[in-house]
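Please look through the structure shown below before reading on. The paragraphs after it start with the overall make-up of the chains and then turn to individual places within them.

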Amino acid sequence: MLLINCPYCGERPELEFVHGGQAHIARPGDPAECSDQQWAEYLYRRDNIKGLHGERWRHTHGCGRFFNALRDTTSDVFLATYKVGEQPPTQAQLKGVKA
Amino acid sequence: MSQGLRTVSGGRINRARPVRFTFDGRELSGLEGDTLASALLANGVHLVGRSFKYHRPRGVLTAGPEEPNALVAIRRDAARVTPNLRATEVELYEGLEAHSQNRWPSLGFDTGAINNLLAPFIPAGFYYKTFMWPRRAWQWLYEPRIRAATGLGLAPEHPDPDSYSNRFAHCDVLVVGAGPAGLAAAQSAAARGARVILCDEQPELGGSLLGEADPGASLGENGRDWLADTIRGLLANPRVTVLTRTTAFGYFPHNLIGLEQRLSDHLAQPDCRQPRERQWQVRARQVVLATGAIERPLVFPGNDRPGVMLAGAVRTYLNRYGVLAGRRAVLITTHDEAYRSALDLKRAGATVTIVDARNGASGELAETARREGLAVHTATTVIGTRGRLRVRSIRIQRLDAHGQARGATERIDCDLVLMSGGYTPSVHLFSQSRGKLAWSEGLHAFLPAESPEKVRCAGACRGVFSAAAARGDGESAGARAARDAGLTVDIVIGEPQPAQSSGTAAAGDLPQPGGAPPAKAFVDWQNDVTSRDLLLAAREGFRSIEHVKRYTTTGMATDQGKTSNLNALAIVARQLGKSIPEVGLTTFRMPYTPVTFGSFAGYTRGELFDPIRTTPIHDWAARQGAVFEDVGLWKRARYFPRNGESMHAAVARECQAVRSGCGLFDASTLGKIEVVGKDAVTFMNRLYVNGWTNLAVGRCRYGILLRDDGFIYDDGVVARIAEDRFHVTTTTGGAARVLAMMEDYLQTEWTDLSVWLTSTSEQWSVIALQGPRARQVLEALVQEVDLSAAALPHMGAATGRICGIPMRLFRVSFTGELGFEINVPADHGLAVWEAIHAAGEPHGITPYGTETMHVLRAEKGFVIVGQDTDGTVTPDDAGLTWAIGKQKPDFVGKRALERPAMHSPERKQLVGLLTAQPHVVLEEGAQIVLDARTTPPTRPIGHVTSSYYSATLGRSIALALVRAGRSRMGQTLYVPMPGEDLAVQVTSPVFYDPKGSRLNA
Ligand SMILES: [Zn+2]
């Protein structure tokens, strides 16, 4: 069971959270402008990364907020968690965090 | 029977406290402090089990959790039978009842041993090769026979009457293992202020030291004082939790460790109020693994006879339990350290011959052995053993200068064989932490390297074998762990100790004459895998150790190959001409030793298995004799039988009552979400398919929610309570996921909207009053609301009072009749229900359940999301296109609905079905085909989603999803059932009152 650092509440066990899939996939502003192909990509295509992965979590049994996280899928180490609307930390900011 | 093999003094048993026990019904006696294994050995009992596949006689091999052979069932009563316990870990108590396993009719005479004679015909992969054809015979012939002939203990026949507990804990430093390294690490971390949990699987602290005649003496400077002070200090320190009889069985991500604490298995009469076990989930800032090492057996022919044991185990039985496992012993070894066992045995009065496969043995221990008069045969191998139920002799052969078995042979009579091929560090938990292992050629072992977790190893589990060095290593590890846990450390931290070779020779099998692979030279005792099986697998082309493992089953038994993995690897590597690290190691998985299901279940059994949700009206329904059904976690009244009615009769009566008079239904389980804010209408427009802008305050609308892939996700009536306030209802099962979906869009996509969402499912009791007389019943009770059809038409909403209680009243109908849904605060739900029921009695009011609700709505063709839809149904498929707001530029799911596949004429569409035989009720889920009596395979063109007997119509009705269904009106299709193909006619899904005149009344 992972230990997840909610940006609003702090470290809590994974069973308080729900995973929300890949992060930073915005719903197209005008879906009517999308081709079928583009819409299918938005709906169904996701990365399957071995390594650093941006993902969404929701602190369902806590504050109820969605937030984003950078997790190494090989080690399960979280390099960062950050609020919706914020940019993921840069490589420089991540330096020194053990993956 | 006397314990004739007990030494006169020494050990950690209490000689003044005899303990009686039985083994296979035979009455025996041991001492307080014994394990079952040590007590059996004290009674001269070596034969304790039969092997898994060949039913070969087997004895105690080890003195610890790695034991592969001595698996027993411990029985307290018919419900309390625990199979597959290791006798080496079972603590003796007065009256203990132990049974051997996998033998019939008795341990000494086992008919299954015929498998042993057939052994040449049961090689690796035998099952795969032999039982391939006919395939169907697996089910009725091969598998039951194989399962009967092989296998381990039996499960108890009754439910487990014991209780189990769970606990969460946090600490700065968790130390696993209380041997010299673990004790030192715990002491060292605690001295620096850390909150420490120290756990060990044994009943006493000390680990490997417990097997020493003088435990403190091996610890170096002031060892005896240090040991006593350390244990006393840890037990007295309030910041240290010491858990004995506690196995760290699993290492989970982010330093979560599972501990299994055995609380009562060692007691003669456990207090029934006490849990039997407690499972801990410990979240540790830092972990120190001090898990020790496991001695490796040697592989030679007949190495599995009772009386053949690991050298260190024999020494433990002697020093810790005062048991001489035999009087005429032979030690077979490939390293110096094992000589200690020979020396201790000799000093206790046994004769010992040493057979050393190495060319020479010149270490200090070897010289001591020679000086004390022990015969030492170097450059010698073992080529066989004899003795049916206990080893009687071994045959040895001299090795030539090339290490070939070509010299003279000799027989040595004996009653005990000790063997030792060195030590394998216990890296199980480290490996479970996803730690990488590095091969050490010098130690001939895999040692812990890097791990993503906050973990370090100390002592023998990282190759620091001697007790004194392990103590130093533990002290260093404990201090570093405290520092890394964030404690201020102002004491000088010692360096980790270097790993040491124990003089170990290569793992694997001993040389045999002619270089031939030996017969019955066992590698994996528990799964009966020999070196020959491994060589066969390599010859047959298996290259990966993971494949060899699965083909031969080596390392796959309940002991997970604790004694066998490295030997198997060495044998396969040599055959493949590769190095051991090139062949690689199989994955270590939790649990380290088997864990009971009870401890995982913990408190979550019986009534606590799942929460139960009931409505405020639940008890009233129960008193009326309602039969309930589970809907998610909810208990819902399914029907209200009167005077022993069948469900069929009750439902028919309830339906009739609603259609002709009035019925009362508890709809409180409906999900409810209050959507509030200045952008509430925009939010609803973006989310639901419907148009909401023109919905007036005081009106309701049937809302449909799609996912962005265009498929129906949920539905429900939505009322506009104010300009900026919607009362949204969801399906009973969908409430939580709909709210989660709303939150998702609101928090992450539409952060521009000012909207608040509140779950109100539990705040409102919902009472559905349905039927032509509903208005008359309600009129007497309601204040501030005009119930007339003109003032409150179908889909009207009003706020007011009922019986003086504030109410939201919706004129809605899921039955097709004139109907109202009365929402009142949950605390008043029962009172209002009872008032309506009383007021309705002159009108024949009838409470009805979910079954009647289902029939009534099916008669009207109303879908239930999740029953008539399955996540691949669009609004058009379900005939609900009318609900979609045509003017809206976008809503969730709109774009997906425009993809060509979504309006293919071949899509499955909702239709009604009428059976040719009116009283035949179709099975829900049944497939639908075009033609009768075609030979399979036939392509189904749809399936039945809802099917009932309609008392109102006097016949059965069904809803179905059928390919191009709306173009098939009037067509005859078939539902193939065993025995006959049922003819059905495709109709509209609305069977009753298609014009809707009743519900607009
Ligand atoms: Zn939170």
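Helices (H or I, at least four residues) and strands (E, at least two) are taken here as DSSP runs, numbered from the N terminus. On that basis chain A has 2 helices and 6 strands, which follow one another along the sequence in the pattern β-β-β-α-β-β-β-α, while chain B has 24 helices and 48 strands.

This is a predicted model, in which local features need pLDDT of at least 70 and side-chain atom pairs count only at pLDDT 80 or more, whereas totals for chains, interfaces and linings use all residues. Residues are numbered from 1 along each chain as its sequence is written, chains are lettered from A and ligands numbered from 1 in the order in which they are written, and side-chain values use heavy atoms, with hydrogens and water left out.

The confidence values come next, with pLDDT being the predictor's confidence in each residue, from 0 to 100. Chain A averages a pLDDT of 93, with 96% of the residues scoring at least 70; among its elements, strand β1 (residues 3-6) of chain A has the highest mean, 97, and helix α2 (residues 91-94) of chain A the lowest, 82. For chain B the mean pLDDT is 93, and 94% of the residues reach 70 or more. For the complex, the predictor gives an ipTM of 0.97 and a pTM of 0.90.

Taken along the principal axes, the C-alpha atoms of chain A fill a box of roughly 40 × 30 × 25 Å, and those of chain B a box of roughly 115 × 75 × 55 Å. A residue is called buried under 20% relative accessible area, exposed over 50%, and partly exposed in between (1.4 Å probe, protein chains only). Of the 99 residues in chain A, 40% are buried, and of the 1001 residues in chain B, 58% are buried. Accessible areas come from the Shrake-Rupley method with a 1.4 Å probe, and for residues only the protein chains shown count as cover. The accessible surface of chain A comes to about 5,600 Å², of which carbon and sulfur atoms hold 47%, and chain B exposes about 40,700 Å², with 52% supplied by carbon and sulfur atoms. If contact is taken to mean heavy atoms within 4.5 Å, then among the contacts with a separation of 6 or more, residues 24 or more positions apart account for 43% in chain A and for 66% in chain B.

Within chain B, one helix pair can be followed in detail. Helix α7 (residues 311-321) of chain B packs against helix α8 (residues 339-347) of chain B at an angle of about 35°, with their axes 8 Å apart; the axes are lines fitted to C-alpha atoms, for helices over the stretch in contact, and angles run from 0 to 180 degrees between N-to-C directions. On the side of α7(B) the contact is made by A311(B), G312(B), V314(B), R315(B), L318(B) and N319(B), and on the side of α8(B) by R340(B), S341(B), D344(B) and L345(B).

Two of these residues, L318(B) and L345(B), are met again in the surroundings of L324(B), which touches them as well as L5(B) and A348(B), once its neighbours within four places in sequence are left aside. L324(B) lies in the loop between α7 and β16 (328-333) of chain B, and it counts as buried because its relative accessibility is 5%.

A second buried position is S393(B), in strand β20 (residues 393-399) of chain B; S393(B) is classed in this way because its relative accessible area is 5%. Leaving aside neighbours within four places in sequence, S393(B) is in contact with T385(B), R386(B), R411(B), I412(B), D413(B) and C414(B).

The last places concern backbone geometry. Most residues other than glycine have a negative phi, and most peptide bonds are trans. The peptide bond from M590(B) to P591(B) is cis, with omega near 0°, and P591(B) sits in the loop between α15 (580-583) and α16 (597-601) of chain B. N255(B) has a positive phi, near 55°, in the loop between β11 (246-252) and β12 (256-262) of chain B, and N255(B) counts as buried because its relative accessibility is 3%. Q560(B) has a positive phi near 50° and is found in the loop between α13 (545-552) and α14 (565-576) of chain B; at 23% relative accessibility, Q560(B) counts as partly exposed.
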